[in-house]
Amino acid sequence: MDNKITKFLDNLLENEVLDTEIYEKIIKFDENNNLSQKSKVARAITLIGGFFLLSGLLGTLPLIWTNLSYWAQLILLIVTTCFLFYAAGYSQQIDKNKLFIFKSSERISSFLYFVSTVSFTAVIIFTLNILENISSINIPEDVAILITSTIVLIYSGFLYKITVEIFQHITLFYSLVFFLGSIGNLFLRNVEPWGIGLFITVVGLIWGLNTYSNLLQPSWLGYFLSSVNIAIGVIAITEDLLSNFKIINILVLIVGSLIYIWTSIQLSEQVIFYIGGLGLIINLPRLITELLPNNIWPPLILFIVGGVLVTVGLYLNSIRENIRKES
């Protein structure tokens, strides 16, 4: 158990807020749910094995590709995918604790399912190649990409539904982006840069709304993916449409950062706050430099404004603390 929690419980016991029986139950519960050293080793071995499998799929396996026929390659990929899926499902059944090896909220099964997604994608690609080689069917590259992205999106959605884990959340998001991108590549070939930025922004916005509705978990990851995509999309739009109006471009990005910070306060999500804060750190110096080029004032202005904001923040916190004590 964490030292801070232990001290907190001891303090509650000493001040008779917590009785001895409940205290002992909490300690016993923590001991029963802590991983033993053997369990940690077992999980470490499984996780390292998953890393080796992924490395084999991405790096080592192509070295023997020339010695195998297409059918043998496909069968090997199918067997690997099935093995990973079974191993992940078995791990999910026997591993109820939300822990990898260290203090994490994820399971090893999530990582194994992720590797199976990579393997499954390779299966689809090889299957399409074999169908094209053994038949007279000529599958255009754009159509092949669309078919692959569609099937992988369905598989990713299925895995997310049965796990609701971080790796499946990530793969579902990028599978959706891959799928929508393949549709755009098929029907919208000559899209302007601002159009691509708009597409990225809309995807991020939809992802954020679905996270807000509790459809996507964990929420911090959903908001992170959403915020990053909206930011990238807005940057692409402003850089394309406002390239000749640099100050307005920077002002739009600063306003966007402030909206992020305001939204983070409303939703109590730190990850959005950090992205908004990063935007301010990047764009405020750019704005001051544009307004006051070749001058010592930019860093000095930021220093003064930062000091004022810290002072105001501390003052407001002190008022809140006094009100809390009085009440």
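Me: In which helix does Leu284 lie?

Reply: The model is predicted: local features need pLDDT of at least 70, side-chain atom pairs count only at pLDDT 80 or more, and totals for chains, interfaces and linings use all residues. Residues are numbered from 1 along each chain as its sequence is written, while side-chain values use heavy atoms and leave out hydrogens and water. Helices (DSSP runs of H or I, at least four residues) and strands (E, at least two) are numbered from the N terminus. On this numbering, Leu284 lies in helix H11.

Me: Why does Leu284 count as partly exposed?

Reply: Buried means under 20% relative accessible area, exposed over 50%, and partly exposed in between (1.4 Å probe, protein chains only). Leu284 counts as partly exposed because its relative accessibility is 29%.

Me: How many residues apart along the chain are Leu284 and Leu251?

Reply: The C-alpha atoms of Leu284 and Leu251 are separated by 8.7 Å. Along the chain, the distance between these two residues is 33 residues.

Me: How many helices and strands does the chain have?

Reply: From the N terminus on, the order of elements is α-α-α-α-α-α-α-α-α-α-α-α. Among contacts (heavy atoms within 4.5 Å) between residues at least 6 apart in sequence, 65% join residues at least 24 apart. The count for the chain is 12 helices and 0 strands.

Me: What share of the area that the chain exposes do carbon and sulfur atoms supply?

Reply: Of the 327 residues in the chain, 35% are buried. The chain exposes about 20800 Å² (Shrake-Rupley method, 1.4 Å probe), as computed from the model. The share supplied by carbon and sulfur atoms is 69%.

Me: Which helix gives the most residues to the largest nonpolar core?

Reply: A nonpolar core is a set of buried Ala, Val, Leu, Ile, Met, Phe, Trp, Tyr and Cys residues joined through side-chain atoms within 4.5 Å. The largest such core has 15 residues, and Leu112 and Leu128 have the most contacts inside it. Helix H4 (70–94), helix H5 (108–134) and helix H6 (141–163) each supply at least two residues of this core. With 8 residues, the element that gives the most is H5.

Me: Which residues does Leu128 contact, leaving aside its neighbours within four places in sequence?

Reply: Leu128 is one of the two residues with the most contacts inside the largest nonpolar core. Beyond its neighbours within four places in sequence, Leu128 is in contact with Ile139, Ala144, Ile147 and Thr148.

Me: Is Leu225 buried or exposed?

Reply: Leu225 is placed in helix H9 and belongs to a second, separate core of 12 residues that also includes Leu153, Phe179 and Leu221. Apart from neighbours within four places in sequence, Leu225 is in contact with His169, Phe173, Tyr174 and Trp207. Because its relative accessible area is 5%, Leu225 is buried.

Me: Which residues does Leu176 touch, not counting residues up to four places away in sequence?

Reply: Leu176 is found in helix H7 (residues 166–187) and is partly exposed, with a relative accessible area of 21%. Its C-alpha atom is 8.5 Å from that of Thr150, 26 residues apart in sequence. Not counting residues up to four places away in sequence, Leu176 touches Leu153 and Trp207.

Me: Which residues are the closest to the centre of the largest pocket?

Reply: On a 1 Å grid over the protein atoms alone, a pocket is an open set of points where a 1.4 Å probe fits, with protein on both sides within 12 Å along at least five of seven lines; lining residues have an atom within 4 Å of a point. The largest pocket holds about 670 Å³ of space, a volume being the space filled by probe spheres set on points joined across faces, edges and corners. Helix H8 (193–212), helix H9 (219–241), helix H10 (246–267) and helix H11 (270–291) each give two or more residues to its lining. Of the 27 lining residues, the closest to the centre are Ser227, Ile230, Ala231, Gly256 and Tyr260.

Me: Where is Asn214 found?

Reply: Phi of Asn214 is near 70°, a positive value in a residue other than glycine. Asn214 counts as exposed because its relative accessibility is 58%. Asn214 is found in the loop between H8 and H9.

Me: What is the omega of the peptide bond from Gln217 to Pro218?

Reply: Pro218 lies in the loop between H8 and H9. The peptide bond from Gln217 to Pro218 is cis, with omega near -5°.
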